[in-house]
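Work through the exercises below with the structure open. Try each task before you read its solution.

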2 protein chains.
Amino acid sequence: MSITLHDVAKLAGVSIKTVSNVINDYPHIRPATRTRVLEAIDTLGYRPNLQARGLRSGRTGAISLIIPDLRNAYFAELADAVMTSAHERGLYVLIEQMGSGDKASELAVLLGPRMQMVDGILYSVLELGQEDAHLLDIPTPLVLLGDRIFDGPTDHVTMQNAAGSRIATEHLLSLGRRNIVALGAHENEVIGSAGLRLSGYREALDAAGVPFRPELVVNVGTWHRLDGAQAMRALLASGVPFDGVVAFNDALALGAMRVVQEAGLSVPRDVAFIGFDDIDETRYSLPTLTTIDPRQAEIADVAVGWLLERIAAGPAGIAPREHLTTPRLVQRESTLP
Amino acid sequence: MSITLHDVAKLAGVSIKTVSNVINDYPHIRPATRTRVLEAIDTLGYRPNLQARGLRSGRTGAISLIIPDLRNAYFAELADAVMTSAHERGLYVLIEQMGSGDKASELAVLLGPRMQMVDGILYSVLELGQEDAHLLDIPTPLVLLGDRIFDGPTDHVTMQNAAGSRIATEHLLSLGRRNIVALGAHENEVIGSAGLRLSGYREALDAAGVPFRPELVVNVGTWHRLDGAQAMRALLASGVPFDGVVAFNDALALGAMRVVQEAGLSVPRDVAFIGFDDIDETRYSLPTLTTIDPRQAEIADVAVGWLLERIAAGPAGIAPREHLTTPRLVQRESTLP
DNA sequence: CTGAAAGCGCTAACAC
DNA sequence: GTGTTAGCGCTTTCAG
């Protein structure tokens, strides 16, 4: 059996309460006592039992991060950013993947028994939409990430999507490109990354007086490299001419960029490319990929901070807040003049 | 406050023990009672408190996966594979990143209080070496991944590294390449992925009667895209001629391949490339990257299975075992004849 | 400033 | 088949 408070107390010649006080940095302890306890802890190699602590105090010191899929570099990097930010604040992070399932299984993850083991949840919404916002009115402190739910019952942290997409499109326009593909649209979507990014694309075209042409909008359900590659093959086969691509994430851009070059076209000469997310891979692709930096570290930092505030606030709660980061253009080779 | 066993018991008109029995699938329960209890659970929305269960039973239903870094695609994919395998067996996975720290902090993670919250640990060794094997003789069930420690005090699951590297090198030799770079070596390393892969490279050269030339061995400390790119720039600047590259992981290969092409060389015509790991990105790079598939799913599956056996065995323990997967060549464009 | 007692929600023994 | 009891290791309340 492992060492308990009692063992430490016995060795230090105090009660378990005093040991507990020392561990929890209770201020009013005589220095001599504290030293004695600390020494006892050290010699015994005592480690608090987190389960017992959690059971008694109701707090676990852990938060949960619910994301679609770790194989997606954006989310792996987000997980790392959240962990870094949480560790700085003394919190542990449990990562939960929901896969690309349906709404029901996504909710099951959110409400599952594991969520009892955490003080709060960071939830990157995938399947749920605005109409499901009321389902998120749960007792556990919750902060939303992603772009599916706005004006929900709790805090929300994401990037200014439309602005990002507008910057991206304007960048291609500034290079003189006029036949710009929007890659990654979701039909009829208004809210959600795809919908918001498409609207930013349109804004930029409108502002530049370039007519919007539906045949340049390419719908793609999921946003993996494979999807980008397949969509680009179809587009090339269709014969629609284009000289620029705004892809709604980097993976799509990378998949599509490969296919374009495979077809003998030159990037950026024949087709300029820009993505979203600024994943590490974009610094090493051939050519390197211009992209929109969503400020992931800032997102992670604000989200963790707000979640902590919600945890501290308790049942009293906090009125929903929204933080939108300002995206930044990262120019690389795929849009060289 | 949340719903407890007592609430369920009261509603179902039974004792809490009976409810507990139903939840834990205790066999001898009258079907009528079981139904009644199940209904009560359902109407109340009861969820067992995992902390209390863990405290009482000593088991948590979770295992921990300790990896260097989620930003590394190999480990992100490994984490996913382990989670999948663990979930199938009803286990939850806590991911712990150790970063690229020193031995001390790596050990701190391994022995830290969080490790109390899990029934067992899957540990992908990074800094520790053979000489530290005795430190791993800890009470918590442990299974080792990676190539730093062999013949340790517990189970070990990895790939046949030397064989994989030999296959890779033989593949380049079979294309007629004779000036093959080994990219990613660690000076003086014998055990460890780098050491083992270098020895497989030498074996292949020896078997083919091709002389080993030290100037073709490129040392690289860490194995990210950036490292591969930098090393390749230096190699090109050095003027040493080469027509093939065996990179010790895919990230190195991708970084280096980009630089080679940037320099105006053609892949695979001028330089053929092969990597290790078979990460998803290798299917979409330009050109797609030939690589060695380490059988990650098998590694994850065996590791989780063995860990479960160790957990089940309890203090009695199990004699250390070793499972080495058989790597597989995945040929893609970077080594087309 | 420190101690004693209670109990968080659950499961493991052992009654019945 | 089902109920009773005890206690996992800790924090909380309340005395002193």
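The exercises treat a predicted model, going from one chain to the pair.

**Exercise 1.** Describe the fold of chain A in terms of its secondary structure, its extent and its burial.

Solution. Start with the elements: chain A has 11 helices and 12 strands. Next, take the extent along the principal axes: the C-alpha atoms fill a box of roughly 85 × 40 × 30 Å. Then turn to burial: of the 337 residues in chain A, 47% are buried. Last, look at the contacts in chain A with a separation of 6 or more: 70% of them join residues 24 or more positions apart.

**Exercise 2.** Find which elements of chain A touch chain B, and name the one that gives the most residues.

Solution. Begin with the count: 34 residues of chain A are in contact with 34 residues of chain B. On the chain A side, the elements giving two or more residues are α4 (50-57), α5 (73-88), β2 (92-97), α9 (225-238) and α10 (250-262). Of these, α5(A) gives the most, with six residues. Sorted by kind, the residues on this side are 18 nonpolar, seven polar and nine charged.

**Exercise 3.** Work out how the two copies are related.

Solution. Superpose chain A on chain B: this takes a rotation of 180 degrees with 0.0 Å of shift along its axis, and the RMSD is 0.1 Å. The two copies are therefore related as by a two-fold rotation axis. Now locate the axis in chain A: the nearest C-alpha is that of A:Gln51, 2.6 Å away. Finally, compare the contact surfaces: 100% of the contact residues of chain A recur in chain B, so the same surface serves both copies.

Key: Residues are numbered from 1 along each chain as its sequence is written. Chains are lettered from A and ligands numbered from 1 in the order in which they are written. This is a predicted model: local features need pLDDT of at least 70, side-chain atom pairs count only at pLDDT 80 or more; totals for chains, interfaces and linings use all residues. Helices (H or I, at least four residues) and strands (E, at least two) are DSSP runs, numbered from the N terminus. A residue is buried if 20 or more other C-beta atoms lie within 10 Å of its own, exposed if 12 or fewer, and partly exposed in between; C-beta atoms are placed from the backbone. Two residues are in contact if their C-beta atoms, placed from the backbone, lie within 7 Å. Ala, Val, Leu, Ile, Met, Phe, Trp, Tyr, Cys and Pro count as nonpolar, Asp, Glu, Lys and Arg as charged, and the others, Gly among them, as polar. Copies are superposed by least squares on the C-alpha atoms of residues with pLDDT of at least 70 in both.
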